[in-house]
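This report describes the overall build of a protein and then turns to its aromatic rings. The sequence and the structure are shown first.

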Amino acid sequence: MRDFLKELGLSGVNSGVCAKGWVERPGGDELTSYSPVDAEPIGKILQANEEDYARVMDVATETFDTWRMVPAPRRGEIVRQMGEELRKYKRPLGQLISWEMGKVLSEGEGEVQEAIDIADFAVGLSRQLYGLSMHSERPQHRMYEQWHPLGPIGIITAFNFPVAVWAWNAMIAAVCGDTMVWKPSSKTPLCAIAVQHLCNRVMKANDCEGVFNLVVGRGSSVGELLINDGRVPLISATGSCHMGRRIGEAVAKRLSRALLELGGNNAIIVEPDANMDVALPGVAFGAVGTAGQRCTSTRRLFLHKSIAEEFTNRLVKAYESIPAGDPLEKDTLLGPLIDQGAVDDMMDALKQVRAEGGEILTGGKRMERKGFFVEPTIVKARPDMKIVQEETFAPILYVFEYENLDEAIAMQNGVRQGLSSSIFTDSFMGAEKFLSASGSDCGIANVNIGTSGAEIGGAFGGEKETGGGREAGSDSWKLYMRRQTCTLNWSPELPLAQGVKFDLD
Ligand code: NAD
């Protein structure tokens, strides 16, 4: 067994259900987690059944009654300790992320760092959950807004950020006074179990277990119980647009809140005045990093026709020398796709590329080695091809030519998703046009930086079919709380609003 599994408290068979301590023998099916690096099993997980889910939700609901009354700065102090615990285990947790999900170690550790960063952010936030005060139109009245904890919330996460996305939600929700039930992806359950072990240590030491709870199970069973549970005022869900549509529908039906972080179809525009030495690595990292399995991965590249040939040739050359292999090895830049299904999806997409007349300039095949490795692929494409409208979760980059910036922006916006976008240019006017109200329609718009790798300080999320949710920094915390508008009358009279007279004499 690899040392990092032992260090993180994982064994051959693990409970996937935790609510104030691990449920010893959850009643659901046994799940095996495989490493995409060699397709070998890493560990087994006992999943939740309906009864286990009920127990977890009961704990989250009961614990909310006490957690919401803990002063927010005290909640922040406990989250600070969570950040410290993550710091202590950054290396082994980063290694586990790499082994179970397949991203290279620097990205695995980088993901843990994001969790640490959001914990730090949340600690400061715990003293800044500010409400506004307003001037009342009535004499001797005071009006203000205050923010209260929301309740036991549901967090559903995707396989590609098995730790960071939970942390973006959980650290903020915890300082806001919410308890939570986390349903992680069944493709990366061990990362979630390892994180839950770290949570348990901190929460036990502070005598407040039951705030962070875990339930591993299928989306179609345990996931459905969670999204349809009337006790859960907020479902924060990260995953495909397909999943988001189902969750949005279920949550809307019971008139609750959904924070949806869904698929992207992100693009980079390279203007003729761009610094090519900045643009080239920006595009390559965006498209090949995490083997194209980031929601913010670059999937479409718009090149001005005057630079298109040279830029494409340099990119093809760079692609052909990208070191692929074991993501735990220092020099590896390209790890595997998550599983056989992902390889099949990529190959199906490339079949469609060929059928629609696209030209594969490099890549296009599965690599001949154990695990789910594929060649990073560049396709010369046309905007009218149907496949370029889809998010294929793999390293396929579609390259287009354009004549002027307005045309490039229109093509970039001409897809159903709206997550991340970038322009590379040294022109102030070009950059401002891209960022203006008639520019990029995405939730994230960057200049001289690629589409992937958002910082936690900003609100993260996208428009259109990406779901409209915002999480992590800025004022995203407001989604995890309920707003209350309070009016206090300290006059001896009852002046009514809008000058209404209600005379009972
Ligand atoms: P997925 O949609 O297959 O699964 C995501 C999660 O939803 C899993 O935990 C799954 O079990 C759960 N789920 C599925 N159906 C459910 C249901 N009916 N009820 C409750 N839960 C259900 O996604 P994936 O393959 O794990 O991840 C890749 C996708 O996630 C890509 O589309 C990617 O763009 C997206 N993603 C988006 C963001 C973002 O912030 N916008 C971040 C990461 C990933």
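In this predicted model, the protein carries 53 positive and 67 negative side chains. The centres of these two sets of charges lie 3 Å apart.

The fold contains 14 helices and 23 strands. The radius of gyration is 24 Å, close to the 23 Å that the globule rule gives for 505 residues, so the protein is as compact as a globular protein of that length. Along the principal axes, the C-alpha atoms fill a box of roughly 85 × 60 × 35 Å. Among contacts with a separation of 6 or more, 73% join residues that are 24 or more positions apart. Of the 505 residues, 56% count as buried. The protein exposes about 21400 Å², and carbon and sulfur atoms supply 50% of that area.

Six aromatic pairs are present in the structure. One of them joins Phe159 and Phe393 in an edge-to-face arrangement, with 5.8 Å from centre to centre and 85° between the planes. This pair links distant parts of the chain, as the two residues are 234 residues apart. The table sets out the two partners.

| Residue | Location | Relative accessibility |
|---|---|---|
| Phe159 | loop between β7 (152-156) and α6 (164-176) | 11%, buried |
| Phe393 | loop between β15 (377-380) and β16 (396-402) | 24%, partly exposed |

Phe159 counts as buried because its relative accessibility of 11% is under the 20% limit. Which residues do ring pairs link into a cluster? The cluster consists of Trp166, Trp182 and Phe212.

Notes
Residues are numbered from 1 along each chain as its sequence is written. This is a predicted model: local features need pLDDT of at least 70, side-chain atom pairs count only at pLDDT 80 or more; totals for chains, interfaces and linings use all residues. Side-chain values use heavy atoms; hydrogens and water are left out. Helices (H or I, at least four residues) and strands (E, at least two) are DSSP runs, numbered from the N terminus. The radius of gyration is taken over C-alpha atoms; the globule rule is 2.2 Å times the number of residues to the power 0.38. Buried means under 20% relative accessible area, exposed over 50%, partly exposed in between (1.4 Å probe, protein chains only). Contact means heavy atoms within 4.5 Å. Accessible areas come from the Shrake-Rupley method with a 1.4 Å probe; for residues, only the protein chains shown count as cover. Lys and Arg count as positive and Asp and Glu as negative; His and the chain ends are not counted. The place of a charge is taken as NZ of Lys, CZ of Arg, CG of Asp or CD of Glu. Rings of Phe, Tyr and Trp (its six-membered ring) pair if their centres lie within 6.5 Å; planes under 30 degrees apart count as stacked, over 60 as edge-to-face and the rest as tilted.
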